[in-house]
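Me: I am new to this structure and would like to go through it step by step. Please show it to me before we begin.

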Amino acid sequence: MENKEEAEEKTKQLDIIVGGCVKAFRTLINASVYVLLFYFIYLSINSLAGKETDANIALLADLSTGCSKLLLALTILSVLLATFGILYGRKQERLKKDVIRDLSEYRTKYEQILDPERTSSNLANNGDTRPEDKP
Amino acid sequence: MTNLVLIILLFLVSAALWWLFSIEYRKYRTALLRQRLFALRDRFFQEAASGKIDFDSEGYKITRKTINGMIRFAHEIDIWRLIGIIALMKTSRSAKQLAKYNNSREHALSEAPDEQKKLVIKTEVEMHFYVLAHIIHTNIFLFLLLTPFIFFFKRRIKRKWNKDSLSLEKRMHYLDAAALEAGGDGVQFQHAF
């Protein structure tokens with residue numbers, strides 16, 4: 001009996017270790033992307049190291065040409081479109097959750113009429129992940 | 001000077017793309033997986049309501065609970081979790097979990113008439129297809145490698161998948177065993193998966 005309890009305890013510990021390894025690996029992947037991005041910052045600073053900063057003047061000179069102005073305008077437009085697209089998506093998501101919260105109760109009642117022992121996915125009433133289930 | 005502008009632009013675009021993929025796109029895919037699984041569960045419910053399978057049958061209960069578990073922990077399903085589950089299957093507790101799931105499933109299918117058996121298997125196969133699509137779309141390496149291939153051969157893959165002829169489909173029972181336990185009330189995710 002004691003051996004069985006010890007084995008169960010060891011297995012639980014192994015579960016926790018493997019779960020931790022999975023999380024650590026995921027964090028490593030995400031962190032390595034940020035490292036790469038900061039490496040780009042380093043490259044950008046390094047490219048100016050030891051040089052006189054005519055950058056602003058050169059940038060203004062560059063922008064004065066028609067082609068660069070068009071490129072800049074397109075870039076700004078793209079950023080604005082992307083930002084509004086994301087905001088629109090977020091708004092739609094909120095509306096969808098409101099609808100789920102309003103209608104899910106009726107669906108549950110209908111299913112319970114036909115199947116009193118119906119099981120549930122146990123999500124929050126607006127379809128979100130339960131706070132206690134979040135990592 | 002042009003180098004500086006290019007580097008800054010590259011940095012900003014890379015950061016934005018990474019954020020879009022790892023946060024926003026992942027949120028979207030999780031919501032999509034849940035929506036598909038809810039629709040699947042609803043179709044399964046309607047089949048039971050029309051009398052094709054009994055609400056009290058083991059096959060119905062097991063399948064529904066498994067779908068519930070997948071819905072509940074859709075936000076945690078990814079390739080690393082799947083690898084972790086398969087790796088853990090060597091431990092005695094997880095092996096017991098898988099054995100329990102397999103025994104329950106086989107018992108339920110052996111007792112059921114052919115039509116009900118086909119319905120349960122069809123529902124399972126469809127669930128696995130949605131979960132696998134989610135796994136591919138939420139990992140950057142799998143996404144870049146496999147999505148173009150899947151885009152062109154989607155119908156052929158789905159046909160083969162539905163015929164239960166891909167051995168990968170059978171591996172998904174590892175995830176099913178964990179999802180069935182997760183579909184229970186008051187279960188902490190780490191202990192189920």
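Me: How far does helix α5 of chain B reach from its first C-alpha to its last?
Reply: This is a predicted model, and in it helix α5 of chain B covers residues 114–137, which gives it 24 residues. At 1.5 Å a residue the expected length is 34 Å, and the span found in the model is close to that, namely 35 Å.

Me: How many of the 24 residues of α5(B) are buried?
Reply: Buried means under 20% relative accessible area. Enough residues of α5(B) are buried that the helix is largely enclosed by the rest of the structure, and their number is 18.

Me: Is Phe149(B) buried, partly exposed or exposed?
Reply: Phe149(B) lies in helix α6 of chain B, residues 140–162, and belongs to a nonpolar surface patch with Phe141(B), Leu145(B), Leu146(B), Phe151(B), Phe152(B) and Phe153(B), which together have about 800 Å² of accessible area. The class between buried and exposed runs from 20% to 50%. Because its relative accessibility is 46%, Phe149(B) counts as partly exposed.

Me: In what order do the elements of chain A run from the N terminus on?
Reply: Chain A has three helices and zero strands. Read from the N terminus on, its elements therefore follow the order α-α-α.

Me: What is the phi of Asn122(A)?
Reply: Asn122(A) sits in the segment after α3 (66–114) of chain A, and it is buried, with a relative accessible area of 17%. Most residues other than glycine have a negative phi. Asn122(A) is not a glycine, yet its phi is positive, at about 60 degrees.

Key
Residues numbered from 1 in each chain as written. Chains lettered and ligands numbered in written order. Predicted model: local features only at pLDDT ≥ 70, side-chain atom pairs only at ≥ 80, totals over all residues. Heavy atoms only, no water. Helix = DSSP H or I, 4+ residues; strand = E, 2+ residues; numbered from the N terminus. Expected span 1.5 Å × (residues − 1). Buried < 20%, exposed > 50% of the residue type's maximum accessible area, 1.4 Å probe, protein only. Patch = residues over 30% accessible without salt bridge, like charges linked within 9 Å, V, L, I, M, F, W, Y side chains within 5 Å. Areas by Shrake-Rupley, 256 points an atom, 1.4 Å probe, with all protein chains shown as cover. Salt bridge = Lys/Arg side-chain N within 4 Å of Asp/Glu carboxyl O.
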